[in-house]
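Colleague: Could you take me on a close look at the nonpolar interior of this protein? I would love to hear how the pieces there come together.

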Amino acid sequence: MTSTPDHSPFSSPFGNEGPRIGVVLSHGFTGSPHGLRSWAEAFAAAGFAVRMPLLPGHGTSWQELARTRWQEWHGALDDAYLKLDADCDFVFSAGLSMGGTLALRVAATRPVAGVVLVNPGLVIDDPRAPLAGILKLVMKSTPAIANDILKEGMDEGAYPRTPVAAAHELNKMFKDTVRLLPRVTAPVRVYRSTIDHVVSDASITALRRGLTNAPLELVRLHNSYHVATMDNDAEQIFQGSVDFVRSVVSAAGPASAFPAASGQEATHEQA
């Protein structure tokens with residue numbers, strides 16, 4: 001069983017010699033750093049500097065989230081990136097679900113070295129989404145979208161309700177991020193659950209179409225649902241992410257000495 005959710009931000013310094021590598025990491029919509037803490041710790045254990053902020057409106061109440069705008073979420077992750085960039089030779093962006101969207105926005109607007117995504121969202125399939133701007137005036141919240149996890153006893157600590165006003169902001173951010181995807185040039189690795197009850201394959205299709213200038217690698221997860229960073233395939237994500245970072249840095253040149261990435265057990269699909 002999981003312990004009481006820890007919503008606090010995560011930060012770690014460099015832990016080894018060689019190229020100074022940073023990873024900026026983002027949690028998802030209505031969630032908090034709790035759902036990604038083990039992922040952040042895996043990056044830190046590899047010697048990377050890590051920054052994972054608590055996004056505005058999160059980790060408190062859904063009513064507070066309803067009062068935030070998507071630009072505030074992006075601003076929090078962008079600020080974390082800038083702090084890492086001031087000290088690092090290479091900075092990678094990573095995230096889960098909406099956090100993946102934010103990681104892509106950072107990659108589209110900053111010179112990141114690479115991107116790692118877990119079940120990223122870019123499309124809301126709910127037919128009510130285009131009406132959220134009106135619905136928020138008469139309907140404050142809807143049932144939670146939390147804890148889509150196959151592994152028993154896990155709790156990501158997300159809100160019990162989803163504020164409609166924030167869902168409207170999320171939809172606007174998705175659309176604006178899709179527009180920016182051609183600006184991404186860094187390599188992108190996506191971990192994608194074969195069963196995901198929150199984000200459909202429409203988001204992966206949008207990602208494939210939009211990343212016209214970046215290499216995309218898709219790794220299938222066969223034993224996890226949406227919150228895969230807390231599910232049965234979590235260790236595969238953690239080790240694979242570290243290997244991906246090291247392989248990208250090693251490919252940058254002889255001065256960036258790291259062992260080549262180890263082989264992945266999952267099925268890889270080169271986009």
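Modeller: Happy to! In this predicted model, the largest nonpolar core has 44 residues, and Trp73 and Leu207 are the ones with the most contacts inside it. Helices and strands both feed this core: α2 (62–65), α3 (70–85), α4 (98–109), α6 (164–180) and α7 (201–210), along with β5 (114–118), β8 (188–193) and β9 (216–221), each give at least two residues. A second core, of 35 residues, lies apart from it and includes Ala94, Ile149, Tyr191 and Phe238. In soluble globular proteins, nonpolar side chains tend to be buried together.

Let's zoom in on Leu207. Setting aside neighbours within four places in sequence, Leu207 is in contact with Leu104, Leu117, Pro120, Leu122, Leu181, Val190 and Leu216.

One of those partners, Leu104, also takes part in the packing of α4 against α6. The axes of these two helices are 10 Å apart, at an angle of about 40 degrees; angles from 35 up to 65 degrees count as oblique, and α4 and α6 are therefore oblique to each other. The crossing of α4 past α6 is left-handed. On the α4 side, the contact is made by Met98, Thr101, Leu102, Leu104, Arg105 and Ala108, while α6 brings Leu170, Met173, Phe174, Asp176, Thr177 and Leu180. By character, the residues of this contact are eight nonpolar, two polar and two charged.

Conventions. Residues numbered from 1 in each chain as written. Predicted model: local features only at pLDDT ≥ 70, side-chain atom pairs only at ≥ 80, totals over all residues. Heavy atoms only, no water. Core = buried A, V, L, I, M, F, W, Y, C linked by side-chain atoms within 4.5 Å. Buried < 20%, exposed > 50% of the residue type's maximum accessible area, 1.4 Å probe, protein only. Helix = DSSP H or I, 4+ residues; strand = E, 2+ residues; numbered from the N terminus. Contact = heavy atoms within 4.5 Å. Axes fitted to C-alpha atoms, helices over the stretch in contact; angles between N-to-C directions. Parallel < 35°, antiparallel > 145°, perpendicular 65-115°, else oblique. Left-handed = near helix turned anticlockwise from the far one by under 90°. Nonpolar A, V, L, I, M, F, W, Y, C, P; charged D, E, K, R; others polar.
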